[in-house]
Amino acid sequence: MKTVDCRGLACPQPVMETKKALDRSETKEIVVLVDNPTSRENVSRFATSQGYQVSLQDEKDHSAITIRRGEGGQGEKKMTPPKASIEAGLVFFIDSDSLGRGSEELGGILMRAFLHTLREADVKPQKIILVNSGVKLACDGSPVWEDLQAIASQGVELLACGTCLDYFGLKERLRTGRVSNMFEILSTLSQAGNTVKI
């Protein structure tokens, strides 16, 4: 039996760590330790959706989620992680260094979680366009530039608006991706099969 300690990890890390453990494990059972109700629900729901049997044991300061390969086909077929694939024509448009409206602090947390999850996702966009304060994500000092660098190394093209970099005085601090211009950005958006604004 393998134990995966996800205590102290923020969403969506416990689910991602559970998926990795299930993908790699040859044992019939793993135990995932979490320390908050949201992670408990998310990990349990994920494992159940993949056909595994799930049982829960709540302790004083954490929960132990036991995930078993079931009888009669439930979870019997070991999940093999598909290679990350690039979705042709899919473009992500990021115009801020935070995600959503409201709290900037929460928006920053959500953007970090989103890009970290995208780094681990099986399907990636063909291109990511960064404009306005979104360019800050790919520069020195960004808490996510390593995630963006990893995403780029998986074949995703990162385009950072040159005008935006100049406006914020960041052109020399761009760490990943390349400087682009509004003509290329417009061309990319007009030729995209599917554009998602983040």
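Five nonpolar residues, three polar residues and no charged ones make up the lining of the largest cavity. The model is predicted. This report starts with that cavity, then turns to a pocket, a surface patch and the salt bridges.

## The cavity

Rolling a probe the size of a water molecule over the atoms shows where empty space is left. A search of the whole structure turns up one cavity of 30 Å³ or more. The largest cavity holds about 30 Å³ of space.

Which residues line the largest cavity? They are Cys 11, Pro 12, Pro 14, Val 15, Thr 38, Ser 39, Asn 42 and Val 43. Two helices each give at least two residues to this lining: helix 1 (13–24) and helix 2 (37–49). Helix 2 supplies the largest share, with four residues.

## The second largest pocket

The second largest pocket contains about 160 Å³ of space. Its lining is made of Asp 95, Ser 96, Ser 98, Leu 99, Gly 100, Arg 101, Gly 102, Glu 104, Lys 197 and Ile 198. Here two residues are nonpolar, four are polar and four are charged. Recall that the lining of the largest cavity has no charged residues.

## A nonpolar patch

Leu 106, Ile 109 and Leu 110 form a nonpolar patch on the surface. Together they have about 250 Å² of accessible area. Ile 109 sits in helix 3, which spans residues 104–120. Is Ile 109 buried or partly exposed? Its relative accessibility is 41%, so Ile 109 counts as partly exposed.

## Salt bridges

Side chains of opposite charge can pair when their charged atoms come close. How many salt bridges does the structure hold? There are 14. Three of them are set out below.

| Acidic partner | Basic partner | N to O distance |
|---|---|---|
| Asp 58 | Arg 40 | 3.0 Å |
| Glu 41 | Arg 45 | 3.8 Å |
| Glu 157 | Lys 127 | 3.7 Å |

Take Asp 58 and Arg 40, whose side chains meet in a salt bridge. This pair links distant parts of the chain, 18 residues apart. Asp 58 lies in strand 3 (residues 53–58), and Arg 40 lies in helix 2. Asp 58 has 48% relative accessibility, so it counts as partly exposed. Arg 40 has 21% and is also classed as partly exposed. The cut-off for buried is under 20%, so Arg 40 at 21% does not fall in that class.

Now take Glu 41 and Arg 45, which pair within helix 2. Why are they separated by about one helical turn? Because they are four residues apart in helix 2. Glu 41 counts as partly exposed, at 41% relative accessibility.

The third pair is Glu 157 and Lys 127, joined at 3.7 Å, N to O. It too links distant parts of the chain. Glu 157 is in strand 7 (residues 157–161), Lys 127 is in strand 6 (residues 123–130), and the two are 30 residues apart. Glu 157, at 28% relative accessibility, counts as partly exposed. Lys 127, at 19%, counts as buried, because buried means under 20%.

This third pair also belongs to a network. Salt bridges link Lys 127, Glu 157, Arg 178 and Glu 184.

## Helix 2 again

Helix 2 appears in several places above. Four residues of the lining of the largest cavity come from helix 2. Arg 40 of helix 2 is paired with Asp 58 of strand 3. Glu 41 and Arg 45 are both in helix 2.

How values were computed:
Residues numbered from 1 in each chain as written. Predicted model: local features only at pLDDT ≥ 70, side-chain atom pairs only at ≥ 80, totals over all residues. Heavy atoms only, no water. 1 Å grid on protein atoms, 1.4 Å probe; cavity = no way out; pocket = protein on both sides within 12 Å on 5 of 7 lines; lining within 4 Å. Points joined across faces, edges and corners; volume = space filled by probe spheres on them. Nonpolar A, V, L, I, M, F, W, Y, C, P; charged D, E, K, R; others polar. Patch = residues over 30% accessible without salt bridge, like charges linked within 9 Å, V, L, I, M, F, W, Y side chains within 5 Å. Areas by Shrake-Rupley, 256 points an atom, 1.4 Å probe, with all protein chains shown as cover. Salt bridge = Lys/Arg side-chain N within 4 Å of Asp/Glu carboxyl O. Buried < 20%, exposed > 50% of the residue type's maximum accessible area, 1.4 Å probe, protein only.
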